[in-house]
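Good morning, colleagues. I should like to take a few minutes to present one protein model and to go through its interior, its salt bridges and its surface.

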Amino acid sequence: MSDVSPLRNSVYSRLLSAQIIALAGTGLSTVALALLAYDLAEGDAGVVLGTALALKMVAYVCIAPIVGGYAHKLPRKMMLVALDIGRALAIGCLPFVTEIWQIYVLIFFLNSCSAGFTPTYQATIPDVLPDEKQYTKALSLSRLAYDLENLLSPLFAAAALAVLTYDALFSVNAAAFIISALLVLSCTLPASSIVQREKGVWKNLTYGISVYLRTPRLRAVLVLAMAVSAAGSMVIVNTVVYVRDHLGRSEQDLALVLMASGIGSMVVAMLLPKYLDKFSDKPVMVLGGVLMGSALFLGLLEPDFYQLMPIWFMLGAGSSMSQTPMGRLLAKSATQGDRPSIYAAQFTLSHACWLIAYPLAGWVGGKVGLDTAFLVLGVITVSSTILALVIWPKNDNEELDHVHHAHDHEHPHYHDEHHDHDHEGWEGEEPHVHPHYHPKIRHRHAYVIDIHHETWPKQGT
């Protein structure tokens with residue numbers, strides 16, 4: 001089963017098609033939004049776009065934990081369909097705006113829907129593809145989809161604008177979200193697993209981030225996410241300044257440099273599944289951080305155009321090495337029912353890193369100089385990589401010996417290795433809820449933070 005392409009799975013192939021179609025539409029809207037901002041604000045279009053991007057990040061950071069905290073209470077397929085329809089409505093309204101504040105409201109609503117859709121979608125894939133090798137290939141395909149969107153969307157938008165107005169691009173994007181919703185609706189998704197969790201609004205809202213931060217390997221993943229955002233912000237924010245102002249090159253040369261980064265990411269995404277069969281995630285992801293840090297320090301040598309291309313290729317390749325395996329670590333760090341919360345936590349915390357890195361790259365590059373930007377972002381990238389290596393447990397085994405201390409509590413549960421207790425008959429069918437007692441026990445199994453495992457066991461205990 002492991003050698004079979006994930007595309008042979010009809011549910012996954014439809015979900016991937018939905019992702020690709022939605023990404024393609026979003027890429028067209030990115031160009032259209034810039035033109036709409038220019039029509040409404042002219043010389044202040046950059047301020048409008050900057051504010052819209054900031055609102056996008058705020059939506060990602062604030063909304064994803066809310067959705068992740070309650071995703072287990074909602075039917076997964078209908079939730080994904082509803083969020084796609086919400087995105088279609090938001091993007092479909094953009095051609096009719098007449099005021100700048102209306103852009104801000106619609107962009108915030110659009111990205112609030114995306115903040116719910118994306119982590120829920122990502123958490124669904126390992127349930128659809130329980131085989132690890134197939135899931136690894138699926139992660140690479142997802143990475144390729146994002147990179148191709150970044151590379152090809154500007155080209156498609158330019159071709160479309162030759163015969164259409166930019167308002168039509170918003171309509172195309174709305175149609176893409178509707179098609180995505182129909183593809184998800186056509187799938188039979190695996191049933192959600194029972195979630196064993198205590199009640200309480202605050203506990204649900206903070207559950208995913210709390211579990212995430214109590215899992216040592218995920219703390220390392222978060223630090224690596226800071227390295228990825230530091231290196232990526234140099235590419236996204238400062239490439240245009242370096243190529244156009246510092247080197248005095250053309251817009252076509254700018255596109256080539258950005259393509260070099262995208263190609264580096266795609267090459268690694270295509271090769272990575274084969275190497276992840278031989279190596280664990282940790283050395284591959286750390287090597288990606290080293291590659292990104294090395295590339296940024298090479299930028300201190302003031303590369304010319306032809307030297308900049310391989311440096312940007314290294315940045316793209318390193319980013320892909322560090323990001324692509326993250327999904328595997330998230331999947332094995334949570335129970336099936338808790339995956340939406342964990343993926344939402346990753347979505348929130350990684351975008352918080354970008355929220356720090358974007359303005360830092362722009363401010364240092366613009367106010368102090370590009371050499372200093374290479375240095376500062378390089379130091380952040382390398383320091384984050386070293387810290388991740390220190391945080392990551394040396395023996396990161398899935399199965400761990402551990403002790404459960406005696407306690408009692410109440411939550412939905414099945415009879416399993418943690419619930420071997422007597423009943424009086426009134427408790428009802430499983431999963432059921434009633435107060436129950438856990439005696440002290442020591443055993444070994446695949447360990448994740450959940451209601452019965454609240455702290456990570458110390459190695460050797």
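I shall begin with the overall figures and then turn to individual residues.

Please bear in mind throughout that this is a predicted model. The protein has 14 helices and four strands. Of its 461 residues, 51% count as buried. With regard to contacts at a separation of 6 or more, residues 24 or more positions apart account for 83% of them. The protein exposes about 21200 Å², and carbon and sulfur atoms supply 64% of that area.

Let me turn to the interior. Which residues have the most contacts inside the largest nonpolar core? They are Leu 15, Ile 125, Tyr 212, Met 234, Trp 312 and Leu 315, in a core of 81 residues. Helix α8, which covers residues 216-246, provides the largest share of this core, with 16 residues. Another core lies apart from it and has 25 residues, among them Ala 22, Ala 41, Leu 106 and Tyr 166.

Ile 125 deserves a further word. If we set aside its neighbours within four places in sequence, Ile 125 is in contact with Tyr 12, Leu 15, Tyr 135 and Ala 138. Leu 15, as I mentioned, is itself among the residues with the most contacts inside the largest core.

A second residue to consider is Thr 118, located in helix α4, residues 100-128. Is Thr 118 buried or exposed? Its relative accessibility is 15%, and because buried means under 20%, Thr 118 counts as buried. Beyond its neighbours within four places in sequence, Thr 118 is in contact with Tyr 146 and Phe 347.

I come now to the salt bridges, of which the count is five. I shall discuss three pairs.

In the first pair that I have chosen, Arg 87 forms a salt bridge with Asp 84, and the closest N and O atoms are 2.7 Å apart. Both residues belong to helix α3, where they are three residues apart, about one turn of the helix. Arg 87 and Asp 84 are both buried.

The next pair joins Arg 143 to Asp 147, with the closest N and O atoms 3.8 Å apart. Here both partners lie in helix α5, residues 132-161, and they are four residues apart, again about one turn of the helix. Both Arg 143 and Asp 147 are buried.

What does the remaining pair, Asp 281 and Arg 328, tie together? Their side chains meet in a salt bridge at 2.9 Å, N to O. Asp 281 lies in helix α10, residues 281-298, and Arg 328 lies in helix α12, residues 326-332, so this pair ties together parts that are 47 residues apart in sequence. Asp 281 and Arg 328 are likewise both buried.

Finally, I turn to the surface. A nonpolar patch of about 540 Å² is made there by Met 78, Ile 85, Leu 89, Ile 178, Leu 182 and Leu 185. Two elements give two or more residues to this patch, namely α3, residues 76-93, and α6, residues 166-185. Met 78 is found in helix α3. With a relative accessible area of 43%, Met 78 is partly exposed, because that class runs between the under 20% limit for buried and the over 50% limit for exposed.

Helix α3 therefore appears twice in this account: it holds the buried pair Arg 87 and Asp 84, and it gives two or more residues to the nonpolar patch. Thank you for your attention.

Note on methods
Residues numbered from 1 in each chain as written. Predicted model: local features only at pLDDT ≥ 70, side-chain atom pairs only at ≥ 80, totals over all residues. Heavy atoms only, no water. Patch = residues over 30% accessible without salt bridge, like charges linked within 9 Å, V, L, I, M, F, W, Y side chains within 5 Å. Areas by Shrake-Rupley, 256 points an atom, 1.4 Å probe, with all protein chains shown as cover. Salt bridge = Lys/Arg side-chain N within 4 Å of Asp/Glu carboxyl O. Buried < 20%, exposed > 50% of the residue type's maximum accessible area, 1.4 Å probe, protein only. Contact = heavy atoms within 4.5 Å. Core = buried A, V, L, I, M, F, W, Y, C linked by side-chain atoms within 4.5 Å.
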